Amino acid sequence: SWRPWPSGAAISTGSRSPTPRWLGLAGAAVVVGVLGLLPGQSEAPPPTVTIPDVELAEDRWTPLLLPGSGALNHVAPLAGGRLVAVGDGPQIWTSPDRLNWRWGVDVEVPPGSLEVALAFGQGGVAVGDDHLDDGDTKASIWHSEDGSNWRRAAVPAAVPSGLEGVTAGDGTVVAWGWQGSQGDFAFDGDPLLLVSTDGANW
């Protein structure tokens with residue numbers, strides 16, 4: 001149901017009037033506009049107007065429960081319509097159809113977190129950091145040639161360090177983040193920039 005607001009606003013008569021302005025409230029929706037009266041119409045519209053049931057946006061979402069632990073931080077489209085989801089743990093999940101997801105790693109995964117992923121060639125690259133036993137972090141990169149099976153890459157970075165973003169173009173992929181102790185102008189350490197032409201060698 002919709003109700004005009006304010007309910008006691010004055011209504012002009014005579015020719016079509018552009019006043020008063022109104023807000024329509026229905027669930028989470030808010031509509032603004034003006035009340036227009038036809039010639040000879042002197043009464044405001046009824047205080048409530050019934051509208052047909054509306055399918056809300058949340059009704060069109062399907063929850064997918066994954067058996068992982070930790071937050072997912074990013075989902076990226078890959079070649080061939082595939083998707084990859086990365087997150088804390090670290091987690092790497094891949095899907096061919098958006099509904100069915102599988103674990104993308106078949107080796108033991110050290111503790112860490114992956115922040116972002118992107119498509120590169122027929123596969124992809126994901127970046128983040130490993131969580132070391134002494135409490136420090138080290139920049140971490142995972143790569144895949146087919147979008148389904150993912151491997152760790154050797155990362156030439158100091159400890160502590162971490163990667164926060166990745167981009168690609170013209171056959172080159174670039175990852176960025178920080179390393180070392182806090183510097184004068186880098187609040188999370190010194191700048192770290194890594195470049196690769198295959199996602200595996202940096």
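## Strand S7 and its partners

S4 and S7 run antiparallel and are joined by 2 bridges. One place to look is aspartate 88, whose bridge partner in S7 is serine 113. Keep in mind as you look around that this is a predicted model.

On to the next pairing: S7 and S8 are antiparallel too, with 8 bridges between them. Phenylalanine 120 has glycine 123 as its bridge partner in S8. The hairpin of S7 and S8 has 2 residues between the strands, and there glycine 121 takes a positive phi near 65 degrees. As for cover, 7 of the 9 residues of S7 are buried, so the strand is mostly tucked away from solvent probes.

## The S3–S4 hairpin

S4 (residues 83-89) also pairs with S3 (residues 72-77), again in the antiparallel sense, over 5 bridges. Within this pairing, histidine 74 is matched with valine 86 in S4. The hairpin here has 5 residues between its strands, and glycine 80 is the one to check for backbone geometry, with a positive phi near 75 degrees.

## Two nonpolar cores

Which residues touch the most other members of the largest nonpolar core? Out of its 17 residues, the answer is Val125, Val127, Ile141, Leu163, Val166 and Trp202. Several strands chip in: S7 (112-120), S8, S9 (137-144), S11 (161-169), S12 (172-179) and S13 (190-196) each supply at least two residues. S7 gives the most, with 3 residues. That fits a broader pattern: in soluble globular proteins, nonpolar side chains tend to be buried together.

Valine 166 is a handy spot from which to explore this core. Setting aside residues up to four places away in sequence, valine 166 touches Val116, Leu118, Val125, Val127, Val173, Val174, Ala175 and Trp176. There is also a second, separate core of 11 residues, and among its members are Ala76, Leu114, Ala117 and Ala126.

## A buried aspartate in S8

Aspartate 130 sits in S8 (residues 123-131). Is aspartate 130 buried or exposed? Its relative accessible area is 9%, which falls under the 20% cut-off, so aspartate 130 counts as buried.

What does the side chain of aspartate 130 make polar contacts with? One partner is the side chain of serine 140, at 3.3 Å, and another is the side chain of arginine 152, at 2.9 Å. Beyond neighbours within four places in sequence, aspartate 130 is in contact with Pro110, Pro111, Gly112, Asp136, Thr137, Lys138, Ser140 and Arg152.

## An exposed glutamate in a loop

Glutamate 145 belongs to the loop between S9 and S10 (151-153). With 68% relative accessibility, glutamate 145 is classed as exposed. Leaving out neighbours within four places in sequence, its contacts are Gln122 and Gly123. The C-alpha atom of glutamate 145 is 8.6 Å from that of glycine 199, though the two residues are 54 residues apart along the chain.

## One aromatic pair

The count of aromatic pairs comes to 1. It is formed by tryptophan 93 and tryptophan 103, in an edge-to-face arrangement with 5.1 Å centre to centre and 75 degrees between the planes. Tryptophan 93 is in S5 (residues 91-95) and tryptophan 103 is in S6 (residues 102-103), so the pair ties together parts 10 residues apart in sequence.

How do the two rings' residues fare for accessibility? Tryptophan 93 is buried, at 5% relative accessibility, whereas tryptophan 103 is partly exposed, at 32%.

Key
Residues numbered from 1 in each chain as written. Predicted model: local features only at pLDDT ≥ 70, side-chain atom pairs only at ≥ 80, totals over all residues. Heavy atoms only, no water. Pairing = 2+ DSSP bridges. Helix = DSSP H or I, 4+ residues; strand = E, 2+ residues; numbered from the N terminus. Buried < 20%, exposed > 50% of the residue type's maximum accessible area, 1.4 Å probe, protein only. Polar contact = N/O pair within 3.5 Å; in protein donor to acceptor, adjacent residues only side chain to side chain. Contact = heavy atoms within 4.5 Å. Core = buried A, V, L, I, M, F, W, Y, C linked by side-chain atoms within 4.5 Å. Phe/Tyr/Trp six-rings, centres within 6.5 Å; stacked < 30°, edge-to-face > 60°.
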